[in-house]
Amino acid sequence: MWFKNLQIYRLPAKWDMSAERLEEQLAKKPFHPCGSQDMESRGWLSPLNNDVLVHAVGDQWLVSLGFEHRLLPSAVVKQEADERAEELAEQQGYKLGRKQMKELRDQVTQELLPRAFTRRRRMFAWIDPVNGWLVIDAASQSKAEDMLEQLRHTLDSFPLTLLRTELSPMSAMADWLAGGEAPAGFTIDQDCELRSVSEDKAAVRYVRHTLDGDEVKGHLEAGKLPTRLALTFDDRVSFVLTEKLEIKRLDFLDVVRDQIDGEKEDAEALFNAEFALMTGELTHLLPAVVQALGGEIAFVAAEPSTALAPSSSAVVQPAADDPPF
């Protein structure tokens, strides 16, 4: 159980939610496979594939959202509809109109859906109710939104805010590279991306390349700013920080992984040990990243109608129930 990417959000410290209450609310929307006419289905799964939807290790919780999607490419529907349209045109003596073609494509879709293959995937979220973290293992904010949307539809109350810091990651990373020194506890590694703020969006990427030379500083002076920077924290965790305050390519180094007895025969015990170790490391890493970015901006209550957007810190209000599939 090791997360690879972190999309980071804020819950109030000492959030008024227990694992038992969260379990009850998630149980209202469990995962079910796609019906014969469903393109997609989603719902809550047990992280350990048992009957427990909220896996708790100490004060740390893990939840899992399952997805099933039918694989019915639009090109397949179009090809079948076009072939039928040609046959009908020969029988009728005239081509089908736009409305008739749309109805035919809908008919083909309904006929092919039950026979289409399905693909399943799942997404994990770590909830730290003590320190107020909600962290989703997703490669992008748009993918994490699937988890957030389902939480909004499931929970009675979901007081989520975005993590906001005094310094933007882009400006902070530029300062670190220009000065040739990372903040306390961190080291700068050898991967970086610099992008121009001008219209041409020119970009320079360094992979396994030293970043403390004049070349990188020259790009900074020319107006390029860092959008990604590889860092290591405390010689224990390496990652890439992005301009959106995402943590990607998260890797727990051997000094961390070696603390786990890899010969554990009990799969659940091994899972719990990895989860406890991962969350323990992240509860040190996340505050250190926030401090390196000048500290956290205090939350200011917003109007209930304010939408959650990358540049805001609005409260996420519970939405109406999902429509039936």
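Helices here are DSSP runs of H or I at least four residues long, and strands are E runs of at least two, both numbered from the N terminus.

**View 1. The whole protein, with its eight helices and 12 strands.** What you're looking at is a predicted model. Its C-alpha trace spans about 75 × 55 × 50 Å along the principal axes. Of the 325 residues, 45% are buried. Take the contacts between residues at least 6 apart in sequence: 68% of them join residues at least 24 apart.

**View 2. The surface and the charges of the protein.** About 17400 Å² is exposed, with carbon and sulfur atoms supplying 49% of that area. As for charged side chains, count 36 positive and 54 negative ones. The centres of these two sets sit 7 Å apart.

**View 3. Glu68 in strand 4.** Strand 4 runs over residues 60-71, and Glu68 is part of it. Glu68 has a relative accessible area of 4%, so it counts as buried, the cut-off being under 20%.

**View 4. Polar partners of the Glu68 side chain.** Zoom in on the side chains of Glu68 and Arg120, and you'll find a polar contact of 2.5 Å joining them. A polar atom of the Glu68 side chain also lies 2.6 Å from a backbone atom, the nitrogen of Cys34.

**View 5. The neighbours around Glu68.** Leaving aside residues up to four places away in sequence, Glu68 touches Phe31, Pro33 and Cys34, then Met39, Glu40 and Ser41, and finally Thr118, Arg119 and Arg120. Cys34 and Arg120 should look familiar: Cys34 brings its backbone nitrogen to the Glu68 side chain, while Arg120 meets that side chain with its own.

Definitions and conventions: Residues are numbered from 1 along each chain as its sequence is written. This is a predicted model: local features need pLDDT of at least 70, side-chain atom pairs count only at pLDDT 80 or more; totals for chains, interfaces and linings use all residues. Side-chain values use heavy atoms; hydrogens and water are left out. Buried means under 20% relative accessible area, exposed over 50%, partly exposed in between (1.4 Å probe, protein chains only). A polar contact is a pair of N or O atoms within 3.5 Å; within protein, one must be able to donate a hydrogen and the other to accept it, and residues adjacent in sequence count only if both atoms are side-chain atoms. Contact means heavy atoms within 4.5 Å. Accessible areas come from the Shrake-Rupley method with a 1.4 Å probe; for residues, only the protein chains shown count as cover. Lys and Arg count as positive and Asp and Glu as negative; His and the chain ends are not counted. The place of a charge is taken as NZ of Lys, CZ of Arg, CG of Asp or CD of Glu.
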